[in-house]
Amino acid sequence: MDVAIQALPFLMKGLAITLQVSALVVLVSLVLGVALGVLLVYGPVPLQWLVRGYSDIIRGIPILVLIFAIYYGLPALKINLSSIVAAV
């Protein structure tokens with residue numbers, strides 16, 4: 001029980017980071033989703049194809065593969081992101 005009490009500050013810090021990342025992801029995905037949805041419905045045909053292709057490709061790749069590709073693959077290309085930015 002003492003170990004759990006000692007770990008409580010670390011768990012609270014992790015909870016705060018998780019809530020921050022979650023809020024940021026919701027905000028970014030809402031803006032991106034609305035913008036792409038409007039383009040898909042009202043945009044010119046070539047943009048509709050691009051949006052549909054992007055959507056189909058991203059939906060077809062497992063999320064864990066995307067996470068690993070961003071977190072480990074981009075530094076190999078000399079693009080360094082913080083862990084928070086890579087999570088979003």
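## Close-up views of a predicted model

**View 1. Arg59 in helix H2.** Arg59 is exposed, with a relative accessible area of 68%, because residues over 50% are classed in this way. The model shown here and in the following views is a predicted one. Arg59 belongs to helix H2, which covers residues 45-60. Between the C-alpha atoms of Arg59 and Val3 the distance in space is 41 Å, and the two residues are 56 apart in sequence.

**View 2. Helix H1 from end to end.** Helix H1 takes in residues 2-42, a run of 41 residues. At 1.5 Å a residue, a span of 60 Å should result, and the C-alpha atoms at the two ends lie 59 Å apart, so expectation and model agree. The helix carries a kink of about 45° at Leu8, and the proline Pro9 follows shortly after this position. Leu24 is also placed in H1. With a relative accessible area of 37%, Leu24 is partly exposed. The C-alpha atom of Leu24 is separated by 25 Å from that of Lys78, a residue 54 positions away along the chain.

**View 3. Helix H3 and its kink.** Residues 63-76 make up helix H3, which has 14 residues. The span expected at 1.5 Å a residue is 20 Å, and the end C-alpha atoms are 20 Å apart, so the two values agree. A kink of about 30° is centred on Ile70 in this helix. Just after H3 comes Lys78, whose phi is positive at about 65°.

**View 4. The aromatic cluster of Phe68, Tyr71 and Tyr72.** How many aromatic pairs are counted in the model? The count comes to two aromatic pairs. In one of them, the ring centres of Phe68 and Tyr72 are 5.6 Å apart and the ring planes meet at 15°, so this pair is stacked. The limit for a stacked pair is an angle under 30 degrees. Phe68 and Tyr72 are both in helix H3, separated by four residues, or about one turn of the helix. An α-helix has 3.6 residues a turn, so residues three or four places apart point the same way. Phe68 is partly exposed at a relative accessible area of 43%, whereas Tyr72 counts as exposed at 52%. For Tyr71 and Tyr72, the ring centres lie 5.0 Å apart and the planes stand at 90°, so that pair is edge-to-face. Tyr71 is partly exposed, with a relative accessible area of 40%. Through these ring pairs, Phe68, Tyr71 and Tyr72 are linked into a cluster.

**View 5. Lys78 in the loop between H3 and H4.** Lys78 is located in the loop that joins H3 and H4. Is this residue buried or exposed? Lys78 counts as exposed, at 73% relative accessibility. The phi angle of Lys78 is near 65°, which is a positive value in a residue other than glycine.

**View 6. The largest pocket and its lining.** The largest pocket holds about 670 Å³ of space. Its lining consists of 19 residues, and those nearest the pocket centre are Ser29, Leu32, Tyr54, Ile58 and Val88. Which helices each supply at least two residues of the lining? They are H1, H2, H3 and helix H4 (83-87). The largest share, eight residues, is supplied by H1. Sorted by class, the lining contains 15 nonpolar and four polar residues, and no charged residues.

**View 7. Val88 after helix H4.** Val88 is found in the segment that follows H4. The residue is one of those nearest the centre of the largest pocket. Val88 counts as partly exposed, at 38% relative accessibility. The C-alpha atoms of Val88 and Leu40 are separated by 23 Å, with their positions 48 residues apart along the chain.

Key: Residues are numbered from 1 along each chain as its sequence is written. This is a predicted model: local features need pLDDT of at least 70, side-chain atom pairs count only at pLDDT 80 or more; totals for chains, interfaces and linings use all residues. Side-chain values use heavy atoms; hydrogens and water are left out. The expected span of a helix is 1.5 Å times one less than its number of residues. The bend at a residue is the angle between axes fitted to the seven residues ending there and the seven starting there. Rings of Phe, Tyr and Trp (its six-membered ring) pair if their centres lie within 6.5 Å; planes under 30 degrees apart count as stacked, over 60 as edge-to-face and the rest as tilted. Buried means under 20% relative accessible area, exposed over 50%, partly exposed in between (1.4 Å probe, protein chains only). On a 1 Å grid over the protein atoms alone, a cavity is a set of points where a 1.4 Å probe fits but cannot get out, and a pocket is an open set with protein on both sides within 12 Å along at least five of seven lines; lining residues have an atom within 4 Å of a point. Grid points are joined across faces, edges and corners, and a volume is the space filled by probe spheres set on the points. Ala, Val, Leu, Ile, Met, Phe, Trp, Tyr, Cys and Pro count as nonpolar, Asp, Glu, Lys and Arg as charged, and the others, Gly among them, as polar.
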